[in-house]
Amino acid sequence: MKKVILICNAGMSTGMLAKKIEAASNNSLEVKAYSESEYKDYLEGADLVLIGPQIRFLLPQITASVSVPVEAISPMKYGIMDGKGVYEDIIKIIGG
Amino acid sequence: MGFESLSASMDKYISPLANKLSQQRHLKATRDAFMSMLPITLFGSIPIIINAAPVTDDTTNSFLLAWAEFANNNSMILNWLSGITLSAMSLYICLGVTYFLCRHYEEDVLRPIMFAITGFLMLVMKPLKMGWDGKEVDISFIDGRGILMAIFVAIVTVESYHWMRKKNVGRISMPDSVPASLSETFATLIPGMILLSFFSVIFIIFHLLETTAVEFLYKIMAPSFSAADSLPFTILIIFLVHLFWFFGIHDAALAGILGPIRDGNLSINAAEKVSGGELSHIFTTPFWTYFVIIGGSGSVLALSFLMMRSKSKQLRTVGKIGFLPSIFGISEPLIFGTPLMLNPIFLFPFIFTSVFNGIVTYLLMSWGIVGKTFAVFSWQMPAPIGAFLSTLDWRALVLVFVLIVLNGIIYYPFLKIYEKNLVTLEQETTE
């Protein structure tokens, strides 16, 4: 099972999205949301890091501190909590 | 397109600024420390509320009278519970900032925390009487007034500790056969002695001047604290936070600066409430979360309600998804889904609805029509409940409901314009 980490400021709204992505993946993905101050403790085994659009300005720093791909979630998909859409984006990056 | 190029160039300046502010290690550690402190402030708010039975001389309600009697009989216990939690905020801030700054440097955490707490107590407590006949100490500055000292001590401790360790200042190396933890203790012996001596010297100097470092700092800073509790400052901050959000950027970038002001003011109000005095501050954390941003940044609760019954399918969908989170103060679905961010139609209401809430609430509180805040719960507490509990004033509850209606009225015309555009677009695509 591949592991995806979502990062936002407090892990609140990303937490909602994480559940929807997991559901859209038929539980083939493990998706966890963490706040920006604690994500470093949970990187082990992660295949992809996605960051919430509200902290997209941190993309360079986070990319530098992580060895796996890092992407910002599209604001629109984030806004309508489009778990399926984000899941499809994830597949495009790390494959099924 | 004038707006697009304007917003693109603004985004070009705002993103790097947000990046700088949120990556600055001291601001970041301060922000994280304030965020971590929630259980303590929340716990400390409960005894203050219990202690503040809303009775007047002509109260006849037997429940309220029993409540007041209970509070009266147990006031020492209640005061102590809040005094050591919410009203000792600086102590926990000192601990938190030290912890997060150590994490930033990937430095050992325990010893810097010990040194910082020692330094903090040294500079914040005032010995009134010393000797074998017992010790009397004034600890009152561990409330919001000690926050700057707490942050100062934490930063000085971690920065100089980290520097000394990096430069191997005073490092006593032990043979390999000595257990690692013991050899680490020896390695930090001299840095620790230097830090504690430094704080001791500061204590002695101020003690000889018959004051304490924290009192001195607070007196210097007091004018800027009261400036930070004014209406213009309130408006400016609400404006800035929403300008950030209009570009879809989280206000955490500013939280490192706002935390000490908002929570510090609250802690001072709490201490005043406990001692039975007049509350002096308006710009507090509950003021912000329960009165200014009702439904999350942008005060979108009313908007999401209106959107749920929109003619546009897109708006209806986002409204339905966003309504429940918005009740709990989470507005990201609305901001990104509508979208409100970078949407010229919503530029005005997005920023000025919250500014409006801030002005109305500030004025009503300063005129004494609505009670000021003295307790806080998490920011996810729905605004009306939070507003009532943090003031114990039923008029605060009324105010929040009135503001929600007014927010809806402010958003409504702009929503209608946007809706019209979307409905036309949606019809074109289905035809």
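Here are two friendly exercises on the pockets of this predicted model.

Residues are numbered from 1 along each chain as written, and chains are lettered from A in written order. Totals for linings use all residues, while local features need pLDDT of at least 70 and side-chain atom pairs pLDDT 80 or more; hydrogens and water are left out of side-chain values, which use heavy atoms.

**Exercise 1.** Describe the largest pocket and its lining.

*Step 1.* Start with the space: about 900 Å³. A pocket is an open set of points on a 1 Å grid over the protein atoms alone, where a 1.4 Å probe fits, with protein on both sides within 12 Å along at least five of seven lines; lining residues have an atom within 4 Å of a point. The volume is the space filled by probe spheres set on the points, which are joined across faces, edges and corners.

*Step 2.* Look at the centre: of 44 lining residues, the closest include A:Asn9, B:Arg262 and B:Trp379.

*Step 3.* Find the main contributor: helix 13 of chain B gives the most, 5 residues. Helices (H or I, at least four residues) are DSSP runs numbered from the N terminus.

*Step 4.* Sort the lining: 23 residues are nonpolar, 16 polar and 5 charged. Asp, Glu, Lys and Arg count as charged, Ala, Val, Leu, Ile, Met, Phe, Trp, Tyr, Cys and Pro as nonpolar, and the others, Gly among them, as polar.

**Exercise 2.** Do likewise for the second largest pocket.

*Step 1.* Its volume is about 520 Å³.

*Step 2.* Among the 18 lining residues, A:Lys40 and B:His104 are two of those nearest the centre.

*Step 3.* Helix 2 of chain B supplies the largest share, 4 residues.

*Step 4.* The lining divides into 5 nonpolar, 5 polar and 8 charged residues.

Key
Helices (H or I, at least four residues) and strands (E, at least two) are DSSP runs, numbered from the N terminus.
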